[in-house]
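Visitor: Could you walk me through this fold and show me how to read its features?
Guide: Sure, let's pull it up and take it piece by piece.

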Amino acid sequence: MIWFLEGPSSQRDVVQGARAALPPEIIVYASHSQNRPEITAVADIALVEPKDSSTRAKWVLNEAEMRGVKIVLACKGIGDFEALRRQYHQAGIDLVTGLTNVNHLAINSKAYFTQQCQAAGLAVIPGIEIDSAESLQVAYDQIRSNSESLICIKPVTGIYGAGFWIFDENSDPFRCFAFPDSRRVTFTVYRDIYAQSKNIEPQLIMPYFPGDEVSTDIVLINGKAINWVGRRKKGLYQEFEVDGAAVELAIAAAEHFKLDGIVSVQTKDSADGKPHLLEINLRYSGGIAYTALSGINLAGVFSCSRLNLPLPQNHWKPGVRIKPITSAVIP
């Protein structure tokens, strides 16, 4: 039996991919802390998680042990689960958090991740962590003196691109309020508003690379990649790839940190087309569902590999281009 805990927006699709690949006698669990039947109904058994994150890991352990669950995939509150890893192991449960080394939990910090990649010789977009308007100004001036490219900023921790902005001095100062999805703001507007915040949070400022962004979902077992699919984002469309420089860099980074489970790695191409690491997420991506259209069922590969079952047949389809759309489901 395998259990998929609350995860990103693609949890429904991951559970469906696992169910499609596993024999019918293997029970698939899914759970969420909210009433989300459109997600949990695609599993064999649905559960409701506690909303209190401090008790969630212990509750999952007790439920999994009682129900005979062998694999638990956690995407949120990883630190709480890692604190109980020994107890999960003693109960015969394979706890999957994205990590094999709890010390690497710090890669959720984009600043730490950047430093570690630089130390390892992995191509990464250089960034400077700031925590005040003064340090922001110093870092901005430093980057401008060394680069003619645009400059961008994002929170040290976070997902879904929240808090990401590009400093564009040709942008109308009010544009960031009128068209926030443009992600463009003048530096002085950002700096002045940042200085007025009563809850200053650390940010990472860096050169903005204009090339393609590639998101690579990777299935790993104990630090070794066994299957992957990259999604190259081309405006409204995405294209799949399983080789090339961006995918190779993503795999190298995931294996360097000895990750485990299903993780996602983002890279961005520089103006000359060379990929550089942006970040690693210790969970599957929100867009992993699209990768099934490439002929590779990553959720199925993950599930079967953890349960020591034959892996699902992959049928790679080269040249596929997709456009995500929103569809309604009956919960």
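Guide: We'll go through the sheets, then the helices, then the cores. Keep in mind that this is a predicted model.

Visitor: Let's begin with sheets. What holds the strands of a sheet together, in general?
Guide: Strands pair through backbone hydrogen bonds, and the pairing can be parallel or antiparallel. Here, one open sheet has six strands with antiparallel pairing, in the order β15-β14-β11-β12-β13-β16. At its edges sit β15 (275-281) and β16 (321-322), each of which pairs on one side only.

Visitor: How many bridges link β11 and β14?
Guide: Eight, in the antiparallel sense. For a register check, look at Glu213, which stands opposite Lys268 in β14. Lys268 also has a bridge partner in β15, namely His276.

Visitor: And what joins β14 to β15?
Guide: Six bridges, with β14 (residues 261-269) and β15 running antiparallel. Ser264 is one place to look, as its bridge partner in β15 is Asn281. The two strands form a hairpin with five residues between them, and Gly273 in that turn has a positive phi of about 90°.

Visitor: Why would you call β14 largely enclosed?
Guide: Count the buried residues: nine of the nine in β14 qualify, so the strand is largely enclosed by the rest of the structure. As for what lies over this sheet, α11 runs across β11 (213-221), β12 (224-234) and β14, at about 15° to β11.

Visitor: What is the strand order in the five-stranded sheet?
Guide: That one reads β6-β10-β7-β8-β9, an open sheet with mixed pairing. Its edge strands are β6 and β9 (184-185), each pairing on one side only. Inside the sheet, β7 and β10 run antiparallel and are joined by five bridges. One pair to find is Ile153 with its bridge partner Ile205 in β10. Helix α6 (residues 110-120) packs on this sheet, touching β6, β7 and β10, and its direction makes about 45° with that of β10.

Visitor: Is Val185 buried or exposed?
Guide: Buried, with a relative accessible area of 4%. Val185 belongs to strand β9. Skipping neighbours within four places in sequence, Val185 contacts Trp165, Ile166, Phe167, Asp168, Cys176 and Tyr190. Its C-alpha is separated by 8.1 Å from that of Phe174, 11 residues apart along the chain.

Visitor: On to helices. What length does α7 reach, and what would you expect?
Guide: The trick is to set the C-alpha span beside the rise of 1.5 Å a residue. Helix α7 (residues 133-146) has 14 residues and reaches 20 Å from first C-alpha to last, close to the 20 Å expected.

Visitor: Which residues of α7 are buried?
Guide: Ala133, Leu136, Ala139, Tyr140 and Ile143. Look down the axis and these buried residues fall within an arc of 125°, so they line one face of α7. On the face turned away from that buried side you'll find the exposed residues Glu134, Val138, Ser145 and Asn146.

Visitor: What do the buried residues of α7 pack against?
Guide: They pack against β6 (128-130), β7 (151-155), β8 (165-167), α9 and β10 (203-207). You can read α9 (residues 187-196) the same way: Phe187, Val189, Tyr190 and Tyr194 are buried there. They cover an arc of only 165° around the axis, which puts them on the same side of α9.

Visitor: Last topic, cores. Which residues touch the most other members of the largest nonpolar core?
Guide: Ile2, Phe4, Val15, Leu22, Val28, Tyr284 and Phe302, out of 29 residues in that core. At least two residues each come from β1 (2-4), α1 (11-21), β2 (28-32), β4 (71-73) and α11 (298-306). The largest share, five residues, is from α11.

Visitor: What is Val28 in contact with?
Guide: Leaving aside neighbours within four places in sequence, Val28 contacts Ile2, Phe4, Val15, Arg19, Leu22, Ala43, Asp44 and Ile45. There's also a second, separate core of 23 residues, including Ile218, Leu220, Ala254 and Leu282.

Methods:
Residues numbered from 1 in each chain as written. Predicted model: local features only at pLDDT ≥ 70, side-chain atom pairs only at ≥ 80, totals over all residues. Heavy atoms only, no water. Buried < 20%, exposed > 50% of the residue type's maximum accessible area, 1.4 Å probe, protein only. Helix = DSSP H or I, 4+ residues; strand = E, 2+ residues; numbered from the N terminus. Arc of directions from axis to C-beta. Core = buried A, V, L, I, M, F, W, Y, C linked by side-chain atoms within 4.5 Å. Contact = heavy atoms within 4.5 Å. Expected span 1.5 Å × (residues − 1). Pairing = 2+ DSSP bridges. Axes fitted to C-alpha atoms, helices over the stretch in contact; angles between N-to-C directions.
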